[in-house]
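The exercises below are meant to be worked through with the sequence and the model side by side. Please attempt each task before reading the solution that follows it.

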Amino acid sequence: VSFAEFIDMGGYAGYVWGSYGLGLLIFVLVGWSARRNYIEALASARRKLQAAATSKT
Amino acid sequence: MWTWFHKLASPPYAFRLAGILRPWFFWPAVIAMLIATFGGLVIVPADYQQKDAFRILYLHASAGIMSMMVYGVMAIAAAVGLIWRMKLAHAVAASCASIGAAFTALTLATGSMWGRPMWGTWWEWDPRITSELVLLFMYVGYIALRSSFDDISRADRASAVLAIVGAVDVPIVHYSVIWWNSLHQGPTLMTKGAITGSMVWPWLTMLLGYTLFFAAVLCDRIRVEILKRERNASWLNEMIVDARAS
């Protein structure tokens, strides 16, 4: 099978590559947004606790 | 006997454990998904009936199984939270929703992209497809209901009821191809001889990768939910202010 034939996917290129491309996009978005939410939530919790600690002393 | 359960249900322990486990889920997930994609697109030969379009099914059927499995985890966690008033179980349920919605949307979209060349239509009001769409609405409704409450424990209780009631749809999705005369093809994994070994391994590898990926994302989402619920806890102070946690 040549490279051009592989890319063509027997004439179903748009459907096959479209599906795998969409899958990649969704997994990157899901993974990245969860990671970003966690980093932000941790930073905001830390800020609040530090502010509470300094106001006490 | 139940000490492990109580330990797991304690927020500081679960928070730490999620942080330790996440990379052990995430990187194997990436490797499994890459191997499965390479297998499905390059190694496995084209199907004799569906030609190369069947390669979409490695993604579609794995995402479909995950859409139901994640809902099952969410509904069970919601029930545990409701019955034993366990905050951590509610945190798990809340963490599942967005991941499950993503898997369901991917199932519908890739099914559409497979259906266009194979059935000649992007969409059909078929029992399997309609019940999967209802599953997407359940996830979206769950997320919308949660966001309508300011008080997190009220959001937990109300959304848990919705998650449990909505679980009725999961067996409907699964059995729709058996109960009704559906255009959608029947179950493959549970039917002997429906798929040959040389073609099934990328599917099982993809499913493994998706499951690990779900676990990895859950580790991040659970920690966000724990942080929301434990704002003023002393353990949190010790962990993230005194000794800077990663």
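**Exercise 1. Backbone outliers in two loops**

Task: In this predicted model, establish how exposed Lys51(B) is, and then describe the backbone and the setting of Lys51(B) and of Arg85(B).

Solution. Step one concerns accessibility: Lys51(B) has a relative accessible area of 41% and is therefore partly exposed, since that class lies between the limits of 20% and 50%. Step two is the backbone, where Lys51(B), although not a glycine, has a positive phi of about 55°. Most residues other than glycine have a negative phi. Step three places Lys51(B) in the loop that runs between helix 2 and helix 3 of chain B.

The steps can be repeated for Arg85(B), which is likewise not a glycine and has a positive phi of about 50°. Arg85(B) sits in the loop between helix 3 and helix 4 of chain B, and with a relative accessible area of 73% it counts as exposed, because the cut-off for that class is over 50%.

**Exercise 2. The two faces of a helix**

Task: Determine which residues of helix 7 of chain B are buried, and on the other side, which are exposed.

Solution. Begin with the buried residues of helix 7 of chain B, which are Asp169(B), Val170(B), Val173(B), Ser176(B) and Val177(B). Because they cover an arc of only 145° around the axis, they lie on the same side of helix 7 of chain B. An α-helix has 3.6 residues a turn, so residues three or four places apart point the same way. Finally, turn to the other side of helix 7 of chain B, where Ile178(B) and Trp179(B) are exposed.

**Exercise 3. The overall form of chain A**

Task: Using the secondary structure, the radius of gyration and the principal-axis box, characterise chain A.

Solution. First, the secondary structure of chain A consists of 2 helices and 0 strands. Next, compare chain A with a compact globule of 57 residues, for which the radius of gyration would be near 10 Å, whereas chain A has 23 Å. The box along the principal axes adds to this picture, as the C-alpha atoms of chain A fill roughly 75 × 15 × 10 Å. As a last step, consider the surface: buried residues make up 32% of the 57 residues in chain A, and carbon and sulfur atoms account for 68% of an accessible surface of about 3500 Å².

**Exercise 4. Two pockets**

Task: Describe the volume and the lining of the largest pocket, and then do the same for the second largest pocket.

Solution. The largest pocket holds about 1000 Å³ of space. Its lining comprises 40 residues, and those nearest the centre are Ala61(B), His184(B), Gly186(B), Thr188(B) and Trp203(B). Two or more lining residues come from each of helix 3 (56-84), helix 4 (87-119), helix 5 (127-147), helix 7 (169-179) and helix 8 (197-229) of chain B, with helix 3 of chain B giving the largest share, 8 residues. Sorted by class, the lining of the largest pocket has 22 nonpolar, 14 polar and 4 charged residues.

The second largest pocket holds about 530 Å³. Of its 21 lining residues, Leu8(B), Leu88(B), Val92(B), Leu218(B) and Ile222(B) are the closest to the centre. Helix 2 of chain B makes the greatest contribution to this lining, with 5 residues. By class, the lining of the second largest pocket has 21 nonpolar residues, with no polar and no charged ones.

**Exercise 5. Enclosed space**

Task: How many cavities of 30 Å³ or more does a search of the whole structure find, and which residues line them?

Solution. The search finds 2 such cavities. The largest cavity, of about 40 Å³, is lined by Pro11(B), Lys87(B), Leu88(B), Ala91(B), Ile226(B), Arg229(B) and Glu230(B). Helix 4 of chain B gives the most to this lining, with 3 residues, and the classes represented are 4 nonpolar and 3 charged residues, with no polar ones.

The second largest cavity, with a volume of about 30 Å³, is lined by Ile26(A), Phe27(A) and Val30(A) from chain A together with Ile99(B), Ala102(B), Phe103(B) and Phe213(B) from chain B. At least two lining residues come from each of helix 2 (13-56) of chain A and helix 4 of chain B. The lining of the second largest cavity divides into 7 nonpolar residues, no polar and no charged.

How values were computed: Residues are numbered from 1 along each chain as its sequence is written. Chains are lettered from A and ligands numbered from 1 in the order in which they are written. This is a predicted model: local features need pLDDT of at least 70, side-chain atom pairs count only at pLDDT 80 or more; totals for chains, interfaces and linings use all residues. Side-chain values use heavy atoms; hydrogens and water are left out. On a 1 Å grid over the protein atoms alone, a cavity is a set of points where a 1.4 Å probe fits but cannot get out, and a pocket is an open set with protein on both sides within 12 Å along at least five of seven lines; lining residues have an atom within 4 Å of a point. Grid points are joined across faces, edges and corners, and a volume is the space filled by probe spheres set on the points. Helices (H or I, at least four residues) and strands (E, at least two) are DSSP runs, numbered from the N terminus. Ala, Val, Leu, Ile, Met, Phe, Trp, Tyr, Cys and Pro count as nonpolar, Asp, Glu, Lys and Arg as charged, and the others, Gly among them, as polar. The radius of gyration is taken over C-alpha atoms; the globule rule is 2.2 Å times the number of residues to the power 0.38. Buried means under 20% relative accessible area, exposed over 50%, partly exposed in between (1.4 Å probe, protein chains only). Accessible areas come from the Shrake-Rupley method with a 1.4 Å probe; for residues, only the protein chains shown count as cover. The arc is that of the directions from the helix axis to the C-beta atoms.
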